[in-house]
Amino acid sequence: MRRIGVRSDAPQKHHIELLHYRQKSNWDCGVSCVLMVLPNKHRQHLTKNLSKICKSEGFNKSTWTIDLCYLLKKYEVQHVFYTVTIGVHEGYRGNSFYHQILTKDENRVKVKFRDASKNKIPVRKASISILHIIEQLLNGPIIILTNARLLYCDICKSNKISNELRKCLPWPTTYQGHYIVLCGYDIERQRVFYRNPSFGDRKYASNEESQRELLKKGGFCRCMCHVGVHFGRSA
């Protein structure tokens, strides 16, 4: 299997220091990721006014990636949104994870995509590779939509057992959307580091095998919001 790499002039290791934020409910992983990449002043404002802002932005407790883009724009954070689908993916209609929320969210999501350009929110239709992710990490953190059921940490082996067991099951497992923040890589160890708002203040790592598994099954790069403004230190 081909190893991941970087261009010759890029560092072999890169880490972005972020202030961790742990989600408070089962719906706010995306907003929690936004809080991790915001400057402290804006982070405090959003935390203090979270319920009010979520309602005024129109998503309340049901966030799509395009909602997160408008939230980043509200706080003047430069970013680029990469997605395989402009609007609502047709495959979601038969997905039990999305079935209940499509009816109330679809119109809002379509309108936000339609108005993204005039609101100066860059949206690019593209499938993203691991190499592209690593190159973009040199410019800032990445908020990414994953399939939580395929996500596990190579360091602490979190979720490893359930993933191993899942490979033996004769039936397909359900999709469970979850946002994380990618915040670095280590080429020698073939790892991409991330912060998971479901857990406490620490970095997790996905190895080469899990990265490609996520890519192959559409769980890692269906939606990606690259934050072009770099916060914190790199090493």
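A salt bridge is a side-chain nitrogen of Lys or Arg within 4 Å of a carboxyl oxygen of Asp or Glu. The legends below describe a predicted model.

**Figure 1. Asp115 and Lys118 are joined by a salt bridge.** The N to O distance between the two side chains is 3.8 Å, so the pair falls within the 4 Å limit. Asp115 is buried, with a relative accessible area of 14%. Lys118, in contrast, is exposed, at 63%. Salt bridges with shared partners also connect Asp67, Asp105, Arg108 and Lys112 into one network. In total, the structure holds 8 salt bridges.

**Figure 2. The whole chain, for orientation.** The protein chain has 235 residues, of which 53% count as buried. Its secondary structure comes to 8 helices and 8 strands. When contacts between residues at least 6 apart in sequence are considered, 74% join residues at least 24 apart.

**Figure 3. A salt bridge within helix α5 links Lys110 and Glu106.** The closest N and O atoms of Lys110 and Glu106 are 3.1 Å apart. Side chains of opposite charge can pair when their charged atoms come close. The two residues are 4 apart in helix α5, so about one helical turn separates them. An α-helix has 3.6 residues a turn, so residues three or four places apart point the same way. Lys110 is partly exposed, with a relative accessible area of 45%, whereas Glu106 is buried, at 15%.

**Figure 4. A salt bridge between Glu17 and Lys203 links distant parts of the chain.** The closest N and O atoms in this pair are 3.5 Å apart. Glu17 belongs to the loop between β1 (13-15) and α1, and Lys203 to the loop between β6 (191-195) and β7 (204-207). In sequence, the two residues are 186 residues apart. Glu17 is partly exposed, with a relative accessible area of 33%.

**Figure 5. Phe81 and Phe113 form an aromatic pair.** The count of aromatic pairs in the structure comes to 1. The rings of Phe81 and Phe113 are 5.9 Å apart, centre to centre, with 35 degrees between their planes, and the pair is tilted. Phe81 lies in strand β2 (residues 79-83) and Phe113 in helix α5 (residues 96-114), so the pair ties together parts that are 32 residues apart in sequence. Both Phe81 and Phe113 are buried.

**Figure 6. Helix α4 and the surroundings of Ile66.** Of the 10 residues of α4, 8 are buried, and the helix is mostly covered. The buried residues include Thr65, Ile66, Asp67 and Leu68. Cys69, Tyr70, Leu71 and Leu72 are also buried. Apart from neighbours within four places in sequence, Ile66 is in contact with Phe81, Val109, Lys112, Phe113 and Val123. The charged end of Lys112 sits over the ring of Tyr70, at 5.2 Å from the ring centre. After α4 comes Glu76, which has a positive phi, near 60 degrees.

**Figure 7. Strand β4 is mostly covered and pairs with strand β5.** All 6 of the 6 residues in β4 (residues 142-147) are buried. On one side of the strand these are Ile142, Ile144 and Thr146. On the other side they are Ile143, Leu145 and Asn147. β4 pairs with β5 (residues 177-186) in the antiparallel sense, over 6 bridges. Ile144 has Ile180 of β5 as its bridge partner.

**Figure 8. The largest nonpolar core has 41 residues.** Val31, Val34, Leu46, Ile66, Leu71 and Ile143 have the most contacts inside this core. At least two core residues come from each of α1 (29-37), α3 (50-56), α4 (65-74), α5, β4, β5 and β8 (223-227). The element that gives the most is α1, with 7 residues. A second, separate core has 19 residues, among them Tyr82, Ile130, Ile142 and Tyr185.

How values were computed
Residues numbered from 1 in each chain as written. Predicted model: local features only at pLDDT ≥ 70, side-chain atom pairs only at ≥ 80, totals over all residues. Heavy atoms only, no water. Buried < 20%, exposed > 50% of the residue type's maximum accessible area, 1.4 Å probe, protein only. Pairing = 2+ DSSP bridges. Phe/Tyr/Trp six-rings, centres within 6.5 Å; stacked < 30°, edge-to-face > 60°. Lys NZ or Arg CZ within 6 Å of the ring centre and 35° of its normal. Core = buried A, V, L, I, M, F, W, Y, C linked by side-chain atoms within 4.5 Å. Contact = heavy atoms within 4.5 Å.
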